[in-house]
Structures are given as C-alpha cells and as structure tokens.
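Student: I should like a close look at a single part of this structure, set in the context of the whole chain. Please give one connected account.

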Amino acid sequence: LRKNVEDFTGPRERSDLGFVTFDITADILNRKNGLQTFRNKNTSIIFDWNVKQLFLYLSAEYSTKNNALNQVVLWDKIMLRGDNPRLSLKDMKSKYFFFDDGNGLKGNRNITLTLSWNVVPNAGILPLVTGSGHVSVPFPDTYETTKSY
C-alpha cells in the first residue's frame with residue numbers, strides 16, 4: 001500500500017509513504033533466518049558467553065532517480081539472552097514510517113527487504129550480522145486514496 005501525502009518535515013512537496021505488511025520466520029540458532037530463508041554461517045555461535053542481546057531489524061533498500069541508494073529501517077526487535085530464538089511473526093506492520101523524499105516508491109519494482117542484527121556484547125565491539133537472503137517486492141503503480149472526514 002502506498003500513498004502520496006504531505007511531508008511536513010521538509011519542503012512543501014508531496015512525498016510517497018509506503019505501508020508494508022510482512023511475515024518473518026527466523027531461527028537464529030539453526031541458521032534459518034528471515035522473511036523467506038536468511039542464512040548466516042556464523043549463527044551457531046551467536047549466543048556465546050559475551051552476548052547480552054541481539055538487536056534485530058528489517059530494512060528496505062531501493063534506488064530512485066534522485067538517489068542511487070535509499071535505506072529505511074521498517075521494524076526492529078530486541079532479543080534477550082534466553083528468549084526463544086525462533087521468530088514466527090505473521091501480518092506484521094511497519095513500526096516506523098516508510099517515507100521517500102519524493103515519488104520514488106510509486107512503481108518501484110526492486111525494493112529489497114533484509115533482516116539484519118547487531119550483537120550487543122557484555123564487553124567489546126558491536127558486530128553487525130546480515131542474513132544472506134533477502135526478498136525483493138514490487139510497489140504498485142497507483143496510489144491508494146483514503147476518505148477525509
């Protein structure tokens with residue numbers, strides 16, 4: 001679902017606002033992660049003695065005529081040590097606004113969704129782990145309209 005709405009944070013032009021509903025199935029410890037199947041060869045050692053929690057996030061990447069690379073975080077979750085590492089989330093909605101700084105979502109055929117996570121250690125550096133799989137989704141060529149009351 002995509003709308004063309006006023007963006008009051010910048011110039012007084014209309015911008016695209018995307019609404020994404022998605023399913024995530026991820027098994028962090030068994031190397032089956034993501035929207036379809038994300039894989040990472042180092043996931044079997046994710047929760048070692050120095051890992052406090054994981055910060056998981058779903059991001060969208062796409063290109064437009066104005067920007068070669070756009071990256072937007074749509075959803076996130078903190079997974080604590082001891083939490084069930086198997087995610088099975090259905091009909092999830094974006095947690096954050098999916099605004100484009102123009103009209104780059106309309107008809108865009110290559111918006112790539114990727115599940116990534118940061119390992120939050122008890123001590124030391126914060127490594128970034130990205131699943132090797134991803135899903136590309138097309139956006140429609142028309143805008144949805146809503147009634148004003």
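Tutor: The account below begins with the whole chain and then turns to strand 4, its partners and its aromatic rings.

This is a predicted model, in which local features require a pLDDT of at least 70 and side-chain atom pairs count only at pLDDT 80 or more, whereas totals for chains, interfaces and linings use all residues. Residues are numbered from 1 along each chain as its sequence is written, and side-chain values use heavy atoms, with hydrogens and water left out.

The chain contains 0 helices and 10 strands; helices (H or I, at least four residues) and strands (E, at least two) are DSSP runs, numbered from the N terminus. The order of elements from the N terminus is accordingly β-β-β-β-β-β-β-β-β-β. Of the 149 residues, 41% count as buried, where buried means under 20% relative accessible area, exposed over 50%, and partly exposed in between (1.4 Å probe, protein chains only). The accessible surface of the chain is about 9,200 Å², and 52% of that belongs to carbon and sulfur atoms; such areas come from the Shrake-Rupley method with a 1.4 Å probe, and for residues only the protein chains shown count as cover. Contact means heavy atoms within 4.5 Å. Among contacts between residues at least 6 apart in sequence, 62% join residues at least 24 apart.

Confidence is expressed as pLDDT, the predictor's confidence in each residue, from 0 to 100. The chain averages 77, and 74% of the residues score at least 70. Among the elements, strand 5 (residues 70-80) has the highest mean pLDDT, 93, and strand 1 (residues 2-6) the lowest, 58. Over residues 31-44 the pLDDT is below 50, yet this stretch has 51 contacts in the model beyond near neighbours in sequence.

Strand 4 (residues 51-62) runs antiparallel to strand 8, and 10 bridges join the two; strands pair if DSSP finds at least two bridges between them. Within this pairing, Ala60 has Leu113 of strand 8 as its bridge partner. Strand 8 (residues 111-121) is mostly covered, with 9 of its 11 residues buried. Strand 8 also pairs with strand 10 (residues 135-137), in the antiparallel sense and over 3 bridges; here Thr112 is matched with Ser136 of strand 10.

Gln53 lies in strand 4 and is buried, with a relative accessible area of 17%. Leaving aside residues up to four places away in sequence, Gln53 touches Ile78, Met79, Leu80, Arg81, Asn118, Val119 and Val120.

The aromatic rings come next. A search of the whole structure finds 5 aromatic pairs. Rings of Phe, Tyr and Trp (its six-membered ring) pair if their centres lie within 6.5 Å; planes under 30 degrees apart count as stacked, over 60 as edge-to-face and the rest as tilted. Phe55 and Tyr57 form a tilted pair, 5.9 Å centre to centre with 35° between the planes. Phe55 is partly exposed at 29% relative accessibility, whereas Tyr57 is buried at 15%. Tyr62 and Phe98 form an edge-to-face pair, 5.9 Å centre to centre with 65° between the planes. Because Tyr62 lies in strand 4 and Phe98 in strand 7 (residues 98-99), this pair ties together parts that are 36 residues apart in sequence. Both Tyr62 and Phe98 are buried, and ring pairs link Tyr62, Phe98 and Phe139 into a cluster.
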